[in-house]
Amino acid sequence: MTNVDGDTPFEELPVTLLPGIGPSRSKLLAQLGIVTILDVLLYFPFRYETPYDEAAALLDGQKVTVYAEVIGAPSVRFTQAKSMVTIPVRVADRRLKAIFFNQPYIRHQATKQRIMMITGRFQARYGTIQVVSYEFPHEKKLGELAPVYRVTQNLSTVNLRKMVDQALSMYRERIVDWMPVSLLEKYKLVSKVRAIEMMHHPRDEHDVHQAKRRLIFEEFLLFQLKLQARRLTQQDHEKSRLRVDEVNVLAQEWIQTLPFALTMDQQKAIDDIVDDVCRTAPMYRLLQGDVGSGKTAVIFAMVAALAKLGLQSVIMAPTSILASQHFEEAKKRLTPFGVSVQLLLGGAKNKKWIEESVAKGDADVVIGTHALLSENLIFSTLRFVVIDEQHRFGVSARRALRSKGSHGVDVLHVTATPIPRSLALTLYGDIEVTEIKTKPIGRQPITTCSLTFKDEEKVIQAIRGELVKGRQAYIVAPRIESDEWDAEAISVTRLQAQLQESFDFWQVGLLHGQMKEVDRQEAMKSFVEGKTQVLVATSIIEVGVNVPNATVMAIYEADRFGLATLHQLRGRVGRSSYPSFCYLLADPKSEMAIERLTAMVQSQDGFELASKDLQLRGPGEAFGDRQSGLPVFHVGDPIRDLRIMEVAREVAVKLLKTGDLFFLPAYQALYAHIRDAIETLADS
Ligand code: ADP
Ligand code: MG
């Protein structure tokens, strides 16, 4: 028995307080993430079984779950070491026999009129159900939905049902409802206890819906309160004043140095950003633009103008390859304009020196990876924070970078993975969104073909055709090494060796995530400089890599990549005025994979593909954490439940603005729950 003193808050009561939960059980439960009693209560079923109400619904030969009322005395047969118990039961309006093998004790439990819930195979011919599992539900009415939980080995759904019911009966009055009654009434929400009960024991689908509505609203409201509170505390920092015309002139001066004219959308994006930067409130903007739409020029225009005004910028990219590439581009385009540029990567030897030049204000812009978050990096006049491919970073990384300004800073999030505007608004608070929709003129569409492996040779020929013209090629494959047990499996290491042989005149480079940092840099550099003409890589090159001379890409086992990744990968070609090609090689096995490949052939529009992806995979996955960094909720899904999120946002804004949250007694419990989170924010 676990010792817990009476003052232990409910959330901390361990699961071992429940009868029958000892050390071994609790270990199993921990694998499911269940440590406390509250965890048990919040461990919701992932689906429900519908015990059949109508006997007609029983399908011959199928596994069924039904409520069965015992209507006669059990009979037992023993043969050798085995036993068979037959119990006459009524299922809905039908008389059947439930058969139990090797469970002789069941005959003592199955007293007349008792209700059992049984799962087993139904055989119409004999009118029998051969039972594989059963339980005696207490106070369960016919027609209720039976919860089914995700379980591990040695722990069954029946075990969990029992635990949940125990937890509910022992601790239901200790469940705290933070939600003020006024909100419950206004939005017709059930109480927390009721919602939890209904999740585990709904009478029907409507109950499940009501329960979820309540729980989702609660988690979204907490999320929005923290988010909005963060926004409020941020606005306290005033920025130094800048004049729009002055900044504009400087930005235009830099733009004149470019070898190309900006697209309308690029210019519009710069205008938006300049306006924001010159306001007193900090900028908080999301720049969305498909791969190759020219987002870098937009960022650099701002960096250049601010540098001339003595204000510093920082650009954080998710990989060192990408950071280095930005750095090379910056040296080419910003240094001649008189902007001093520094690169800061994880293992940098000259770190101290860079830190000094940033602290003194000698460096105008620092480009780097996570290494930028180091406490030793202190800016003298940081104004502009750019987070490239922002979905690759967590909230805390983004916040840490922002907090490096001693005055208010302007934050620009950049992404090539578009999310719907309404969603961006609700998830990032009051973020403004700028979209670059058009690509630079003169871009040729990328001819995309989906082929099976028997056409591999044709693809190699096509690549050779481009190499002959002096262009370069990417070859992408999902694996790094071939498996031990499958030497034939396609991997980048094997492909590189093979291709080096068949492309004898050309150099074939290799790039993957398990290579050492220096080797990766070197491989990328050789490709950028044209020393290697072919680069075999994993999807590590997915984001941002820019080598305009590369005009052809072949993706091996393209069916193993998601749509968003495929689109990002393809975006590595088609970055010049040469025609480009993308070959998708696969022997797809699923309908979904075929649809993805077809979508790739049919569309080159990132927004269109993103919505196709949504449609194919469902919201949760398409915007799964790696892709978008969207917060993950326990019950809610920010895309599916967008409407609830919007309401939660309105409520949160109002509670904070009016101060009701802080002062009204009805909101005490809610405030107490998020006070810590809000206060830490205010300190940071
Ligand atoms: P992304 O939006 O994917 O980050 P980049 O900023 O890397 O795209 O730009 C892709 C390529 O297009 C770069 O080589 C860049 O120099 C070029 N580019 C950007 N804007 C224009 C433009 N307006 N006209 C022609 N080329 C452009
Ligand atoms: Mg980019």
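Which residue has a side-chain N or O atom 3.0 Å from an oxygen atom of ligand 1? In this predicted model, the residue is asparagine 546.

## Ligand contacts

The contact with asparagine 546 joins an oxygen atom of ligand 1 to an N or O atom of the side chain at 3.0 Å. Another pairing involves lysine 295, where a side-chain N or O atom is 2.8 Å from an oxygen atom of the ligand. At alanine 261 the partner is instead a polar backbone atom, which lies 2.8 Å from a nitrogen atom of ligand 1. Ligand 1 on its own exposes 570 Å², and 87% of that area is buried by the protein.

## The surrounding shell

Ligand 1 is surrounded by 17 residues, of which Ala261, Gly292, Lys295, Thr296 and Arg443 come nearest. Sorted by class, the shell comprises 6 nonpolar, 7 polar and 4 charged residues.

Two domains each supply at least three residues to this shell: domain 2 (244–279 + 294–415) and domain 3 (446–603).

## The protein chain

The protein chain has 684 residues, and 54% of them count as buried. Its secondary structure amounts to 25 helices and 21 strands. The C-alpha trace spans about 95 × 70 × 40 Å along its principal axes.

Among contacts with a separation of 6 or more, 71% are between residues 24 or more positions apart. The exposed area of the chain is about 31,900 Å², with carbon and sulfur atoms supplying 52% of it.

Technical notes. Residues are numbered from 1 along each chain as its sequence is written. Chains are lettered from A and ligands numbered from 1 in the order in which they are written. This is a predicted model: local features need pLDDT of at least 70, side-chain atom pairs count only at pLDDT 80 or more; totals for chains, interfaces and linings use all residues. Side-chain values use heavy atoms; hydrogens and water are left out. A residue is near a molecule or strand if one of its heavy atoms lies within 4 Å of it. A polar contact is a pair of N or O atoms within 3.5 Å; within protein, one must be able to donate a hydrogen and the other to accept it, and residues adjacent in sequence count only if both atoms are side-chain atoms. Accessible areas come from the Shrake-Rupley method with a 1.4 Å probe; for residues, only the protein chains shown count as cover. Ala, Val, Leu, Ile, Met, Phe, Trp, Tyr, Cys and Pro count as nonpolar, Asp, Glu, Lys and Arg as charged, and the others, Gly among them, as polar. Domain bounds come from an automatic or database domain assignment. Helices (H or I, at least four residues) and strands (E, at least two) are DSSP runs, numbered from the N terminus. Buried means under 20% relative accessible area, exposed over 50%, partly exposed in between (1.4 Å probe, protein chains only). Contact means heavy atoms within 4.5 Å.
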